[in-house]
Amino acid sequence: MRLQWCWYVILCLAAWGGAVGKGQEQRVYKVAAVPRTGGIEALHDQWSETFEDLLTREVARSIPGASFELVAVGIDEISTAIETGQADLLFLSPNLVVCTGIEFGFTPLATEKKRYDGSILSQYGTIIFTKQERNDIRSIDDIKGHRIEATSVQLCQAQWVELKARGISLFDSPSQVLFSYDQERIVYDVLSNVTDLGMVRADFLNLLETETQGAVRADMFHVLNPKDEPNYPFPTTSLLFPEYSLGALNHVPFEVQTAVARALWAVNESSSEAQKGGYAGFQVPPLSFDPMRKVFDSLSLIGQDEETGVWACNAPEDTWESIQCPPGKIRLRKQDVLRGCDMKNILCPDGYLCLCSPCITASSVEVIAVPPAVIANESDLLGFA
């Protein structure tokens, strides 16, 4: 309650002190966002009215000359966009918020709210699911030896940590891990037996049921190990995390940040921006990202460079670097990991990234005598990395 009151005071002071921005030079603030289902065109269709039209109109009331441009970036392009000045504000999922904050300094300003069946939701869960008739896969413990599919390694941490908690290795326990970069494709791949299990957002099956007018139904699938979340309307395998949030990099002036937060705070469900964007408004102040930070800590995805002392997340574009092997096993060389499915005669569909048994049992001599840094940098010596 105290935090909400402080934000209310900040926003009111920003409105009262609107003259602070008078005389400011023309400045275009770029809002970077990662396209979701539908790609770049869908991103602009859904969000340009909010992040370009609304913000330019409302922020310019107190800061003349300020305008906003929505820019699409890939997950592996976020760092480059920031470093080259192509991003001032970012609209990101919680895992990307955590990494951006650690590596660049990032202040979340507002969390997206959605409506479902009479409820306003500002959190979401994620699921591991299979076809309802798969009686051989009823819980996380049954994943071993089966195929599992996700969008990408950097977007399945919420499910990954649930596997780890039950002693299941995301990379080594399944017979194949597929990354298809598309939630809808994952659902259809489960239906058509391209994979045995899928990992998507907890609300996605219901969303797809609506979009397909019942051709694909949520009750066609079984969700593994659903948690008891009485205020969340969907079965969820994982904990709940904040919805996508808009935030600002440290170089964005404080008055611009507060003006942006004030503009989003005023959006309600009946506004044209919310209706166009398919959301119910924004929560200001934003929700805490501590739950996702704890996931990253648990998965050892955050580390400090021994030479520079700089903290960073594992490079999201490098799946090989993210592979974690169970105790007693080590990661294969990158080139061997990439061709691992071919070597086992397991099909990897075109356009997918697939992993098949990327870990190998190491002898006690290798484990004791060869530090991880040597394994990574001098892989040719042993044939592993």
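In the predicted model, the side chains of Thr111 and Ser245 form a polar contact at 3.0 Å. Thr111 belongs to strand S4, which spans residues 106-116. With a relative accessibility of 0%, Thr111 falls under the 20% limit and therefore counts as buried. Leaving aside residues up to four places away in sequence, the neighbours touched by Thr111 include Ser122, the run Pro242, Glu243, Tyr244 and Ser245, and a further group made up of Gly281, Phe282, Gln283, Pro286 and Leu287.

Ser245, the polar partner of Thr111, lies within the range of strand S13, residues 245-249. Strand S13 is mostly covered, five of its five residues being buried. S13 pairs with S4 in the antiparallel sense, over five bridges. In S13, Gly247 stands opposite Pro108. Strand S3, residues 89-92, also runs antiparallel to S13 and is joined to S13 by four bridges. Here Leu89 stands opposite Ala248 of S13. Strands of a sheet pair through backbone hydrogen bonds, in a parallel or an antiparallel arrangement.

Several of the residues touched by Thr111, among them Gly281, Phe282 and Gln283, coincide with strand S14, residues 281-283. The loop that runs from S14 to helix H10 (290-298) contains Pro285. The peptide bond between Val284 and Pro285 is cis, with omega at about 5°. Pro286 and Leu287 are also among the contacts of Thr111.

A further sheet is open and consists of six strands in the order S11-S7-S10-S8-S9-S18, with mixed pairing. Its edges are formed by S11 (221-223) and S18; each has a single partner strand, so one side of each is left without a neighbour in the sheet. On average, and with direction ignored, neighbouring strands of this sheet are turned by 25° against each other. Within the sheet, S7 (residues 126-131) and S10 (residues 197-201) run antiparallel and are joined by four bridges. Ile128 stands opposite Met199 of S10. Helix H6 packs on this sheet, where it touches S7, S8 (147-150), S10 and S11. The direction of H6 makes about 150° with that of S10. In a regular strand, side chains alternate between the two faces of the sheet.

Two residues other than glycine have a positive phi. For Tyr181, phi is about 65°. Tyr181 is located in the loop between strand S9 (176-179) and helix H6 (183-191), and H6 is the helix that packs on the six-stranded sheet. For Asn345, phi is about 60°. Asn345 is found in the loop between helix H13 (340-343) and strand S18 (353-355). The relative accessible area of Asn345 is 73%, which is over the 50% limit, so Asn345 is exposed. Strand S18, which follows this loop, is one of the edge strands of the six-stranded sheet.

Trp320 is part of helix H11, residues 319-322. Its relative accessible area is 10%, under the limit of 20%, and Trp320 is therefore buried. A polar atom of the Trp320 side chain lies 2.9 Å from the backbone oxygen of Leu332. Trp320 and Leu338 are 18 residues apart along the chain, and their C-alpha atoms are separated by 8.7 Å.

Over the whole protein chain there are 16 helices and 19 strands. The chain has 385 residues, of which 50% count as buried. Among contacts between residues at least 6 apart in sequence, 76% join residues at least 24 apart. The accessible surface of the chain comes to about 18,200 Å², and carbon and sulfur atoms account for 51% of this area.

The mean pLDDT of the chain is 88, and 86% of the residues reach 70 or more. Residues 8-23 have a pLDDT below 50, and this stretch has 18 contacts in the model beyond near neighbours in sequence. The pLDDT is also under 50 over residues 374-385, for which the model has 21 contacts beyond four places in sequence.

Key: Residues are numbered from 1 along each chain as its sequence is written. This is a predicted model: local features need pLDDT of at least 70, side-chain atom pairs count only at pLDDT 80 or more; totals for chains, interfaces and linings use all residues. Side-chain values use heavy atoms; hydrogens and water are left out. Buried means under 20% relative accessible area, exposed over 50%, partly exposed in between (1.4 Å probe, protein chains only). A polar contact is a pair of N or O atoms within 3.5 Å; within protein, one must be able to donate a hydrogen and the other to accept it, and residues adjacent in sequence count only if both atoms are side-chain atoms. Contact means heavy atoms within 4.5 Å. pLDDT is the predictor's confidence in each residue, from 0 to 100. Accessible areas come from the Shrake-Rupley method with a 1.4 Å probe; for residues, only the protein chains shown count as cover. Two strands pair if DSSP finds at least two bridges between them. Axes are lines fitted to C-alpha atoms, for helices over the stretch in contact, and angles run from 0 to 180 degrees between N-to-C directions.
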